[in-house]
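Here are a few exercises to work through at your own pace. Have the sequence and the model open beside you, and try each task before reading its solution.

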Amino acid sequence: MKKKVILYRDIPAEERQRLEAEFDVTFFDGVSKDNKGAFTAALADAEGLIGSSIGMSPELLDLAPKLKAASTISVGTDQYDLAYLAKRDIPLMHTPGVLNETTADTIFTLIMCTARRAVELSNMVREGRWTSNIGEDLYGTDIHSKTLGIIGMGRIGYAIAKRGYFGFDMKIQYSNRSRKPDAEQDLNATYMDLEELLKTSDFVCVMTPLTPETERLIGAKEFAMMKKSAIFINGSRGKVIDETALVEALSNGTIRAAGLDVYEVEPLPGDSPLCKLDNAVLFPHIGSATAETRLAMITCAVDNLINALNGDISQNCANQHLLSR
């Protein structure tokens, strides 16, 4: 008898067929108030879960006593409570690796757009306000030869640093839970504590995962440490920063500008104070949003679930302690 699996987001037909060849699949196109009753009922027999962008709370997963593995179509794992899963010895599979380069492209696009005021000046042209050569009040700032400080030198952080070092002759410095010898050797990166990085970087790029330790990692105190000319980039999770403090820092000139792909509340409300600031470049959480990469993530997540429910969690398991059991 096939294991029962819940697929809680739409995926391409070919990938869904691969799941259905292995498992008895129940499909939900997201979870809403209209189908939540059916979803919770299906949890009673589910041995596997696969999807993304839906919070799977401990209370919800308590309704799935037979659950053996979950696979999220993302590199981030904050939709699940890893501590809860650990208590039940349930592996959470995710998709690191396949999105590193694409996400790094996005973050470097934010750096370039913010430094050169690309969105602000493009809007000026579109709105018919470009009537003469721009003056100093609309000049941008250089990227090449500047100092790029990365908070969280993981796979994506390294890919961003690589672009800065080789493409723009930038000085790389980083803050991380542990030193990264490959970044130091390959990119001449300098390891330092967070305070020193904030004080000395021209561009501050946050790429940490969201954990209890990193929530509100950057707030008013940290923005005040930065150079007035600094540009702040957040490509991690919105709750890693204090958004109200960022708005204040941008409004009063504590820092020069910010480029954001993530927010405390998503989608970002249209009446957010961030939307009123010319020195904020705002992307709609598009880090990995290319057709090629999103398909690769789905393929990886399907592979992950098939492997996990067949007893192999050696690749892409987020709760690492299970690998030594």
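**Exercise 1. Take stock of the whole protein: count its helices and strands, then judge how compact it is.**

Step 1. The secondary structure comes to 12 helices and 12 strands, where helices (H or I, at least four residues) and strands (E, at least two) are DSSP runs numbered from the N terminus. This is a predicted model, in which local features need pLDDT of at least 70 and side-chain atom pairs count only at pLDDT 80 or more, while totals for chains, interfaces and linings use all residues. Residues are numbered from 1 along each chain as its sequence is written, and side-chain values use heavy atoms, with hydrogens and water left out.

Step 2. The radius of gyration, taken over C-alpha atoms, is 22 Å, close to the 20 Å that the globule rule gives for 325 residues, so the protein is as compact as a globular protein of that length. That rule is 2.2 Å times the number of residues to the power 0.38.

Step 3. Along its principal axes, the C-alpha trace spans about 70 × 45 × 35 Å.

**Exercise 2. Check the length of helix 5 and decide whether it is largely enclosed or not.**

Step 1. The expected span is 1.5 Å times one less than the number of residues. For the 16 residues of helix 5 (residues 100-115) this gives 22 Å, and the end C-alpha atoms are 23 Å apart, which agrees.

Step 2. Now count buried residues (under 20% relative accessible area; exposed is over 50%, partly exposed in between; 1.4 Å probe, protein chains only). In helix 5, 12 of the 16 are buried, so the helix is largely enclosed by the rest of the structure. Among them are F108, L110 and I111.

Step 3. Look just past the helix: R117 follows, with a positive phi near 55°.

**Exercise 3. Trace the seven-stranded sheet and find its edges.**

Step 1. The open sheet has the order 8-7-6-9-10-11-12, with parallel pairing; two strands pair if DSSP finds at least two bridges between them.

Step 2. Strand 8 (190-191) and strand 12 (280-282) each have a single partner strand, so one side of each lacks a neighbour in the sheet.

Step 3. Within the sheet, strand 6 (residues 147-151) and strand 7 (residues 171-175) pair over five bridges, and G149 stands opposite Q173.

**Exercise 4. Count the disulfides.**

Step 1. Apply the cut-off of cysteine sulfur atoms within 2.5 Å: the count is zero.

Step 2. For C205, the nearest cysteine sulfur, that of C113, is 14 Å away. C205 counts as buried, at 0% relative accessibility.
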